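Biologist: I would like a close look at one part of this model, the sheet in the second chain and the helices beside it. Please then set that part against the rest of the structure.

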Amino acid sequence: MAETTAALPPGRRVRLRLDRDGIIKRLFMGVIALYLIAALALPLYAMLSKSFVTYGFDLARYEFQVSDETGTVWSEPVTAEALNADLGAVPADDLRSSSDGRLSATVFFPDFSFRSPVKYRLRGTTGDAPWLVGLDLKNTTDWQEYDSNTFRRINLRPVKSVGVQNYAEYFSNPTLFSSIQNSLYIAVISTVLTVVFAFGFAYAINRSCMPFKGAFRMIAMMPILVPSLLPGIALIYLFGNQGMLKSLLMGQSIYGPLGIVIGSVFFTFPHALIIISTALSIADQRQYEAAESLRASKWRTFWTVTIPGARYGLISAAFVTFTLVITDFGLPKVIGGQYNVLAIDIYKQVIGQQNFEMGAVVSVILLIPAVLAFLVDRQVQKKQVSLLSARSVPYQPRPDRRFEALCLAWCGVMAVFIVGIIAICQYAALIRFWPYDLSLSLKNYAFDRMDGGGWAAYWNSIKLALMTAGIGTVVIFTGAYMVEKIDGFKTGRGLFQFLAMLPMAVPGMVLGLAYIFFFNNPANPLHFIYGTMIILVISTVTHFYTVGHLTALTALKQIDAEFEPVASSLRQPFYKLFARVTVPVCLPAILDISIYLFVNAMTTVSAVVFIYSTHTALASIAVLNMDDAGDIAPAAAMGMMIFYTNAGARILHALASRRILNRTQAWRLR
Amino acid sequence: MVAMTRRGALQASAGNFVADGSAPPYLEIADLWKSFGDFVALREVTLDIARGEFVCFLGPSGCGKTTLLRAIAGLDPQTRGTIRQGGEDISGLPPSQRDFGIVFQSYALFPNLTVRRNIAFGLENTGRSKREIDARVTELLDLVGLPEQASKYPAQLSGGQQQRVALARAIAIDPGLLLLDEPLSALDAKVRVHLRHQIKELQRKLGVTTIMVTHDQEEALSMADRIVVINRGRIEQVGTPTEIYREPASLFVADFIGETNKVASTYRAGAVTLGDAVIATSETRVVDGAAVTVAVRPEDILPHRAEDAGNGAANMLPVTIEDMEFLGSYWRTHLRSDALGATPLVANFSMNAVRRLDLKPGAAMAVELPAERVLVFARGA
């Protein structure tokens with residue numbers, strides 16, 4: 001009785017005094033949370049609000065008076081709106097403008113001559129009616145008098161208004177609207193193909209006794225090492241207007257959906273493969289034994305045991321692939337031809353038409369499928385975890401000649417496809433002048449003779465990749481440690497966790513555009529980093545934050561949760577524990593995070609295409625720009641430089657990991 | 001009703017304790033509460049622990065004993081109430097400013113540091129020279145009996161050895177209070193018994209005030225100076241192992257510690273009726289006419305010849321032997337009695353008694369339930 005009814009006595013909840021450790025930990029987390037807010041939340045907010053902003057000339061806000069030739073007798077005041085209604089000088093469409101728009105005041109006075117003695121008066125009818133006299137900004141409701149010669153230098157300025165006008169305009173524009181359809185179409189087809197191919201590949205690797213598994217696994221990971229637009233270049237050489245195998249397409253053009261889909265399958269393949277392979281590798285032998293004892297056919301077992309067991313992996317892989325394709329910009333840029341997709345629209349609106357507001361609108365629209373895919377994927381991932389924790393007997397494939405031959409054929413075809421694409425690029429890079437002079441030379445590697453940034457761009461990329469790997473790993477791992485190993489402070493940690501997961505849902509281009517809005521604003525105290533290497537590092541770290549964060553969390557969760565209590569009972573500061581125990585124990589994961597950041601910083605286009613400047617041009621951007629300028633062979637050569645670098649980094653990473661592990665992880669051996 | 005008895009017992013044993021030591025208590029826990037959302041994990045916990053005492057928190061899993069330990073350490077602070085250690089109020093202090101060493105069930109040894117570095121971890125940055133630290137670590141390794149293992153990594157040690165390293169690391173800084181959170185439960189039975197002894201020895205040698213959390217009553221009975229029995233977030237009883245075992249303050253304690261036969265009955269004028277037998281009891285805490293549960297431990301049941309029953313012999317019950325299990329040092333005997341109906345009575349009889357009385361399954365005999373060993377608890381709580 002007493003047990004169920006007793007409630008807490010009145011009084012205040014006991015709170016522990018913060019010790020130095022607690023303060024330092026909160027400070028650290030605060031700093032990293034501030035980083036995420038400044039590098040992610042605020043830019044996205046700036047972009048979102050930008051998409052609702054329109055600029056236009058509001059003629060009702062201006063009133064004019066004109067004098068006679070003596071300059072003493074004045075006409076009745078009349079608004080510019082009334083004048084325009086009489087004259088039809090400015091059509092309604094031209095009244096919309098960007099923030100930089102100017103409208104000459106003389107258009108409302110057809111008789112205007114700058115030599116005339118006639119004088120003009122101008123005032124605003126509201127407090128917000130800006131106009132320029134030369135470069136001087138005026139904004140007043142008092143009459144200002146100008147002679148004719150001055151009056152010709154008067155320009156009205158647009159005023160800002162907030163509303164859904166940009167969205168209305170976007171959806172009423174059939175070309176822009178069709179991009180949504182195109183993007184979805186491309187993404188769905190590529191996703192289905194990639195998941196099917198990757199599933200077959202993963203199945204062969206995990207469930208057969210096929211030979212050369214290691215080699216196949218290595219080949220399958222190669223696409224990660226190159227920018228997503230590289231397969232586009234290879235496809236142009238194969239099937240383009242002067243392609244080697246153009247006749248195979250039987251009149252179809254590779255420029256358009258076909259090329260984008262083939263290229264997308266290439267660059268998303270390893271991502272899907274990793275996820276599906278993980279799902280297939282946790283199969284339980286006992287389920288198959290049970291199926292066999294029930295005399296289920298292999299076909300039936302496949303559909304009732306294998307597919308349900310791997311379904312979370314398949315769903316997750318599908319969403320990841322879908323997001324990668326729909327947010328990719330490089331590939332449709334290179335091989336999309338006239339086929340418009342959302343990512344291209346953003347680029348065109350921003351770079352081509354300087355219409356930042358409309359770019360923001362397209363970004364917000366592109367954000368929707370990406371965020372949806374992200375949310376579904378998170379739900380699925382949660383379920384996958386519970387599946388993993390079950391104790392099970394690992395599946396042991398049995399030899400089966402015919403099945404192995406089939407697996408070998410499937411993987412062989414994929415391997416030829418992947419190696420083929422890269423080999424074509426290598427070939428393209430070495431040929432003097434396709435298709436007229438097929439002799440080999442290194443002239444395409446003389447990047448300094450081309451536009452696009454030259455060798456400097458390559459070195460910039462190396463610098464970016466090293467800085468991203470270095471700074472990013474420290475920030476990400478420290479942040480994950482604070483989230484995982486801090487006690488109390490629940491709301492703060494929840495918010496932090498949310499911010500850390502957010503980048504996964506934000507396409508690189510959207511982030512880049514958001515950076516323009518946020519950092520290029522002169523009022524922003526961080527404006528000084530605009531156009532520098534720092535903003536590129538921040539953008540890249542932020543764009544790839546989530547995967548690193550999850551890797552770090554997984555590693556940290558495997559560490560005994562009682563280390564921190566033990567250290568504080570021994571009155572040792574947490575940073576000593578962190579440096580002496582946590583970091584050494586997590587070193588494999590830390591190395592994984594750093595190589596992941598390095599490789600992605602080398603290949604990314606979308607996260608940096610809006611914010612690089614002439615002296616921070618990058619190799620991946622150079623590929624894009626050289627291709628744009630028609631220098632396809634040098635573009636292929638630069639793409640191959642990225643490939644060599646990443647392959648080299650991967651090998652170095654493997655060697656370094658092994659050495660460090662041998663030296664510092666002796667404790668793992670029994 | 002039961003709550004009252006319980007509190008009575010609690011005060012009684014606390015009184016005993018204060019009489020033992022004239023010094024003020026080292027650890028004073030006053031009216032401690034802990035809630036996790038709506039769930040109240042600890043209720044009005046009040047407890048004093050003397051300097052140098054070895055106290056066990058004993059209870060079923062989920063009873064709140066680990067929660068209480070973590071509150072004392074400051075790892076999961078209590079919601080209400082105060083804790084004083086050595087006269088100082090530590091209720092609001094973070095763990096790093098309290099004075100304790102702790103050993104967890106997982107040992108939480110740093111896997112990438114050698115045994116020596118593990119033990120030295122808390123000695124660094126304390127103004128000791130490297131030589132002093134080395135000497136101290138060597139001394140500690142000798143103390144826990146692992147002088148040869150200094151340069152090994154934890155993964156290379158057995159569970160029992162890891163446990164001792166964790167212990168050495170915890171006592172390296174000479175803490176005022178040693179907290180042991182189920183330190184033996186990850187070990188196999190043989191090692192556990194051995195280590196029990198070693199830990200107790202070590203504690204006595206160092207004289208460090210020690211609190212150990214355990215759900216293993218044997219562990220608690222064999223190691224503790226005093227046992228704190230906790231159930232559903234409340235202290236059921238505090239007392240020495242013999243007190244807890246011989247004079248359980250509640251049916252829960254009687255049932256949880258050791259084994260006990262339980263029979264429903266009614267209390268009247270210093271006796272309970274079992275069937276038609278009237279059994280006298282020396283229990284006095286129950287009011288006349290109360291519905292009660294009678295509890296008798298198997299080893300308190302004394303064997304007699306069948307003819308000893310009847311003739312008005314006090315506290316005797318005629319029974320039939322249903323089944324006997326040989327458990328080495330004694331026979332565990334299942335008895336059936338008309339007085340008890342369907343409820344069997346379990347008694348432990350010595351080999352001698354069995355031989356002397358020629359007990360075998362199916363035989364009739366009599367048992368005596370000594371009045372001072374017949375425990376009576378009010379029902380309905």
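Modeller: What follows starts with the sheet and its helices, and then moves to the other chain and the contact between the two.

The model is a predicted one. The sheet in chain B is open and has six strands, in the order E6-E7-E8-E3-E9-E10, with mixed pairing. At its edges stand strand E6 (100-103) and strand E10 (234-239) of chain B. Each of these two has a single partner strand, so one side of each has no neighbour in the sheet. From one strand to the next, the twist averages 15°.

Within the sheet, strand E7 (residues 177-181) and strand E8 (residues 209-214) of chain B run parallel and are joined by five bridges. To find this pairing in the viewer, start at Leu177(B), whose bridge partner in E8(B) is Thr209(B).

Helix H5 (residues 159-171) of chain B lies across E6 and E7 of chain B, and runs at about 170° to E6(B). H5(B) also packs with helix H6 (residues 189-206) of chain B: their axes come within 11 Å and cross at roughly 15°. An angle under 35 degrees counts as roughly parallel, and H5(B) and H6(B) are therefore roughly parallel to each other. The crossing of H5(B) with H6(B) is right-handed. On the H5(B) side, the contact is made by Gly159(B), Gly160(B), Gln163(B), Leu167(B) and Ile171(B). H6(B) contributes Val191(B), Leu195(B), Ile199(B) and Leu206(B). By class, the residues of this contact are six nonpolar and three polar, with no charged residue.

As for the chain around this sheet, chain B has 10 helices and 20 strands. Its C-alpha atoms fill a box of roughly 80 × 45 × 40 Å along the principal axes. Chain B has 381 residues, of which 43% count as buried. Of the contacts in chain B with a separation of 6 or more, 67% are between residues 24 or more positions apart.

Chain A has 670 residues, and 44% of them count as buried. The secondary structure of chain A comes to 24 helices and 13 strands. Its C-alpha trace spans about 110 × 85 × 50 Å along the principal axes. Among the contacts in chain A between residues at least 6 apart in sequence, 79% join residues at least 24 apart.

Chain A also has a helix pair to set beside H5(B) and H6(B). Helix H9 (residues 257-281) and helix H11 (residues 298-327) of chain A have axes that come within 8 Å and cross at roughly 160°. H9(A) and H11(A) are therefore roughly antiparallel to each other. Their crossing is right-handed. Residues of H9(A) in the contact include Ser264(A), Thr268(A), His271(A) and Ile275(A). Those of H11(A) include Gly313(A), Ala317(A), Val320(A) and Leu324(A). In this contact 12 residues are nonpolar, seven are polar and none is charged.

Helix H8 (residues 230-239) of chain A is a case of burial: 10 of its 10 residues are buried, so the helix is largely enclosed by the rest of the structure. Among the buried residues of H8(A) are Leu230(A), Pro231(A), Tyr237(A) and Phe239(A).

Leu42(A), in helix H2 of chain A, is partly exposed, with 17 other C-beta atoms within 10 Å. Leaving aside residues up to four places away in sequence, Leu42(A) touches Ile37(A) and Phe518(A). Leu42(A) and Tyr515(A) are 473 residues apart in sequence, while their C-alpha atoms are 9.1 Å apart in space.

H2(A) is also one of the elements at the contact between the chains. There, 33 residues of chain A are in contact with 39 residues of chain B. On the chain A side, the elements that give two or more residues are helix H1 (2-5), helix H2 (20-50), helix H21 (563-569) and helix H22 (574-603). H21(A) gives the most to this side, with five residues. The side of chain A that touches chain B has 17 nonpolar, six polar and 10 charged residues. In the helix contacts described above, by comparison, there is no charged residue between H5(B) and H6(B), and none between H9(A) and H11(A).

Conventions:
Residues are numbered from 1 along each chain as its sequence is written. Chains are lettered from A and ligands numbered from 1 in the order in which they are written. This is a predicted model: local features need pLDDT of at least 70, side-chain atom pairs count only at pLDDT 80 or more; totals for chains, interfaces and linings use all residues. Axes are lines fitted to C-alpha atoms, for helices over the stretch in contact, and angles run from 0 to 180 degrees between N-to-C directions. Helices (H or I, at least four residues) and strands (E, at least two) are DSSP runs, numbered from the N terminus. Angles under 35 degrees count as roughly parallel, over 145 as roughly antiparallel, 65 to 115 as roughly perpendicular and the rest as oblique. A crossing is left-handed if the near helix is turned anticlockwise from the far one by less than a right angle, and right-handed if clockwise. Two residues are in contact if their C-beta atoms, placed from the backbone, lie within 7 Å. Ala, Val, Leu, Ile, Met, Phe, Trp, Tyr, Cys and Pro count as nonpolar, Asp, Glu, Lys and Arg as charged, and the others, Gly among them, as polar. Two strands pair if DSSP finds at least two bridges between them. A residue is buried if 20 or more other C-beta atoms lie within 10 Å of its own, exposed if 12 or fewer, and partly exposed in between; C-beta atoms are placed from the backbone.
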